Amino acid sequence: MVETAAVDPDEEAVVRRLRTAGCVWAEDEARLLLEAAAGAELEALLARRVAGEPLEQVLGWAGFAGLRLAVESGVFVPRRRTGLLLDLAEAALAAAPADDDVAVPAPVVVELCCGVAAVATALLHRSPGLDVVASDLDPAAVRCARRNLGPLALVVEGDLFGGLPARLRGQVDVLVANAPYVPTGAIATMPPEARLHESPLALDGGADGLDLHRRIAASAGEWLSPTGTVLVETSVRQAPATAALFTAAGLDASVERDDELDATAVRATRPVG
Ligand SMILES: C[S@@+](CC[C@H](N)C(=O)[O-])C[C@H]1O[C@@H](n2cnc3c(N)ncnc32)[C@H](O)[C@@H]1O
């Protein structure tokens, strides 16, 4: 005789409601919602999810690189593909020249357009000695980033480089940004979870999607250390144009790709020599 595990009738009801609402991973979502709340509170969370709010905003956290990161309603939910920026940032930090004979200052990492500061938080979690600064224009994103990064990092509210401390000019070892890169006209074609529940500020990259990349490329050189690296998430289609912006700004740029994460990024450094 084959024994089957007893299914909690409440869980079955939650799965049914989620499935009816079109949630593809209904069983997984039900388990997380049941872990998070019970009774009226569970009902309220379920109602928000069934109405189309992203699961992460309903739960108040998103998984990234093995961490649970705080995410408020309306704030961009970190995507798995942004793991490429994390991998590239770790590689850049590992390759940074170190001088064993003198006391070197902590490597400086800046995450622009940080949202909940997924990359900066994962980097700081793995290397608590980093000097981390994160910045975003959206006060709700800044609140989340502060919760995630805690007291060991500085989070500022401002327009791109605008809020960064002046002490960082010429000192940034890794400048990382997943800035908005969706062309304005393509936002209407995005899934409703993004289009209706993430701030337009988090998505809209202007007419060709490159407005923010253009501005980051134009100013990155002022902030990078001599051996610093800029890492910017982009799409396969936009990557050549994103890379060309950094080349035009006098940096050496390459397109990096991770097929498993379905992720594309541009990496730029000062020319050698
Ligand atoms: C695509 S979301 C990415 C968030 C985060 N980097 C991530 O990957 O989870 C873009 C973020 O850029 C922020 N943003 C948009 N325009 C900005 C600007 N001019 N200056 C600073 N932040 C900006 C938005 O508020 C949003 O949090």
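This text describes the ligand site of a predicted model and then one of its helices, α11.

The ligand is surrounded by 19 residues, and the closest of them are Cys 113, Asp 136, Asp 159, Leu 160 and Asn 178. Sorted by class, this shell consists of ten nonpolar, four polar and five charged residues. Two helices, α9 (200-203) and α10 (211-223), each contribute at least two residues to the shell.

Nitrogen atoms of the ligand take part in several polar contacts with the protein. The side chain of Asp 159 places an N or O atom 2.7 Å from a ligand nitrogen. Backbone atoms also participate: an N or O atom of the Leu 137 backbone lies 3.2 Å from a nitrogen atom of the ligand, and a polar backbone atom of Cys 114 is 3.5 Å from a ligand nitrogen. On its own the ligand has 590 Å² of accessible area, of which the protein covers 96%.

Attention now turns to helix α11, which spans residues 239-248 and has Ala 239, Thr 242, Ala 243, Leu 245 and Phe 246 as its buried residues. These residues lie on the same side of α11 because they cover an arc of only 150 degrees around the axis. The underlying geometry is general: an α-helix has 3.6 residues a turn, so residues three or four places apart point the same way. On the other side of α11, by contrast, Pro 240 and Ala 248 are exposed.

The cover over the buried residues of α11 includes helix α10 together with the strands β7 (224-234), β8 (252-258) and β9 (263-269). Helix α10 also supplies residues of the ligand shell. After α11 comes Gly 250, which has a positive phi, near 95 degrees.

Note on methods: Residues numbered from 1 in each chain as written. Predicted model: local features only at pLDDT ≥ 70, side-chain atom pairs only at ≥ 80, totals over all residues. Heavy atoms only, no water. Near = heavy atom within 4 Å. Polar contact = N/O pair within 3.5 Å; in protein donor to acceptor, adjacent residues only side chain to side chain. Areas by Shrake-Rupley, 256 points an atom, 1.4 Å probe, with all protein chains shown as cover. Helix = DSSP H or I, 4+ residues; strand = E, 2+ residues; numbered from the N terminus. Nonpolar A, V, L, I, M, F, W, Y, C, P; charged D, E, K, R; others polar. Buried < 20%, exposed > 50% of the residue type's maximum accessible area, 1.4 Å probe, protein only. Arc of directions from axis to C-beta. Contact = heavy atoms within 4.5 Å.
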